[in-house]
Amino acid sequence: MYDHVKGFRDFYAPEMAARRETIDTVESVARGYGFREVGTPALESAQMYADKSGEEILEELYVFEDKGGRKVALTPELTPTVARMVVAKQQALAKPIKWFSTRPFWRYEQVQQGRFREFYQTNIDIFGSSEPTADAEVLAVAADALTGLGLEPTDFEFRVSHRDILGGLLAAFDGEIDQQAAIRAVDKREKIERDSYADLLTTAGLSPAQVDRFDDLLTTPADRLTELVSFAGTDRVAAAVGNLQAVLDAAADLGVREYCSLSLTTARGLDYYTGVVFECFDATGDVSRSVFGGGRYDDLIEGFGGQPTPAVGVAPGYATLALLCQRAGVWPAEELATDYYVLQVGETRETAARIARDLRGRGHVVESDVSGRSFGAQLDYADSINAETVVIVGERDLADGEVTLKQMSSGDQQQVPVEAFPGDHDRPTVDDFD
RNA sequence: UCCGGGCUGGGGUAAUGGUAUCCUUUGGGCCUGUGGCGCCCAAGACGCGGGUUCGAUUCCCGCGCCCGGACCCA
């Protein structure tokens, strides 16, 4: 017996069925918006991540040298890969480029609730539009995916913030301020004591008075955002506030404004984001960590050597999404589903096979005996795979030209002429032959 | 990397310094026709390594994996 590698998981059939259903829902929503599936490699040059995020990032990656001496890394995220793909075919691709991809990613991290070393995400990105409508469409596809999973407006919220509002406000204060440190402090605001929070901001270069003022500004409600503009008095903040409002307006038109709340203290991972950023949270707070996030990153493509190309995206991860769905009671049942089991008694394989083939032709999941089992053992097995209907094909009935349908939930049975089965019925059940 | 809690057949458990309980499960049989129930037979565990001991599943150490948290979260 071998243990699996820490942070890597096996998904057995019942659990995988629920995951598949969830992934299918998210992907079909993305398809409905015209996002196209792309396929991407599991390995990239390690240097690509070092260039984008700094050499330290390599500590958190699975990095190794391949037999050709290339320094490679298992992909920890999709964004650099799709950025590389956009740059490579920039002239050939019609804008906007709308791509999605569901895949595993790997990070050498500490395992905890909702976090593993191998994890699955669906990345959804738009390249080539700087319009607020594009930001809003990303919010909309995410919201539709969640409601498509059965989540209600009361189950989740998108906390929407804006990179440039935070940066612009900090820039408007007098003094030498470490913006990165200040933003990191903001990100911790909900998690730590007020005093430690103030200390962090002070360390970042704000005076005690500025700390209070800054914090007041961060909690400005959505209908008074113009106060931020008048405080800063800069074009940068004016533009950022205008952009955020435009995105929220567009979200309203797309029917997803109700899922969005303004939250300037949401500041996670701002380093490559340039505009609107958002994170999805469990509205009840039972799932304590962020479910997933997204935002606008207009500088990345140019940073990868391409033409300046605006971009915005979101990446739902299935570890945390499962936690949210389970909390809300909408996680799909982790069980096998079988439409028909065709039970054979005696030498009836030919007829049983014909019936099974006809039912499969109608798109059903159909199993039949492949183990030479007894009647009782076959019925037991049919029960174990949650067969809805058992078609008993036995020599004795067949001599009378009949088969027996058995509905497993009720135990009801019905004799049916073999040549009439499945007949014209799409999904024949006991009731169809009363 | 750090902190806390765990690890007994496939799953859930019991007891224990002298090799392990019960339920469930799995395979087979009664059983080619009402049988998904029942009965019978069988299979299957102390995470790994080391130490202490006459003897370790039990006590000690290290490691692995799991659960939760800190840090981090591109």
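In this predicted model, the largest nonpolar core comprises 72 residues, among which Leu146, Phe158, Phe214, Leu228, Phe292 and Leu321 touch the most other members. The greatest contribution to this core is made by helix 4, spanning residues 132–148, which supplies 10 residues. Phenylalanine 158, taken without counting residues up to four places away in sequence, touches Leu139, Ala142, Ala143, Leu146, Tyr259, Cys260, Ser261, Phe278, Glu279, Cys280 and Phe292. Separate from the largest core is a second one of 18 residues, including Leu78, Trp99, Phe119 and Tyr273.

Chain A is divided into domain 1 (13–40 + 75–328) and domain 2 (338–433), and the centres of the two domains, taken over C-alpha atoms, are separated by 51 Å.

Around RNA strand B there are 42 residues, of which Gln110, Phe375, Gly394, Glu395 and Arg396 come nearest; of the strand's atoms that come within 4 Å of the protein, 41% belong to sugar and phosphate. By class, this surface has 20 charged, 12 polar and 10 nonpolar residues. Three contacts with the strand are listed below.

| Residue (N or O atom) | Partner in RNA strand B | Distance |
|---|---|---|
| Lysine 6 (backbone) | phosphate oxygen | 3.3 Å |
| Glutamine 112 (side chain) | base nitrogen | 2.9 Å |
| Arginine 115 (side chain) | base nitrogen | 2.6 Å |

The elements giving two or more residues to the surface near RNA strand B are helix 14 (375–384), strand 14 (387–394), helix 15 (395–399) and strand 15 (402–407), with helix 14 providing the largest share, five residues.

Note on methods:
Residues are numbered from 1 along each chain as its sequence is written. Chains are lettered from A and ligands numbered from 1 in the order in which they are written. This is a predicted model: local features need pLDDT of at least 70, side-chain atom pairs count only at pLDDT 80 or more; totals for chains, interfaces and linings use all residues. Side-chain values use heavy atoms; hydrogens and water are left out. Domain bounds come from an automatic or database domain assignment. A nonpolar core is a set of buried Ala, Val, Leu, Ile, Met, Phe, Trp, Tyr and Cys residues joined through side-chain atoms within 4.5 Å. Buried means under 20% relative accessible area, exposed over 50%, partly exposed in between (1.4 Å probe, protein chains only). Helices (H or I, at least four residues) and strands (E, at least two) are DSSP runs, numbered from the N terminus. Contact means heavy atoms within 4.5 Å. A residue is near a molecule or strand if one of its heavy atoms lies within 4 Å of it. A polar contact is a pair of N or O atoms within 3.5 Å; within protein, one must be able to donate a hydrogen and the other to accept it, and residues adjacent in sequence count only if both atoms are side-chain atoms. Ala, Val, Leu, Ile, Met, Phe, Trp, Tyr, Cys and Pro count as nonpolar, Asp, Glu, Lys and Arg as charged, and the others, Gly among them, as polar.
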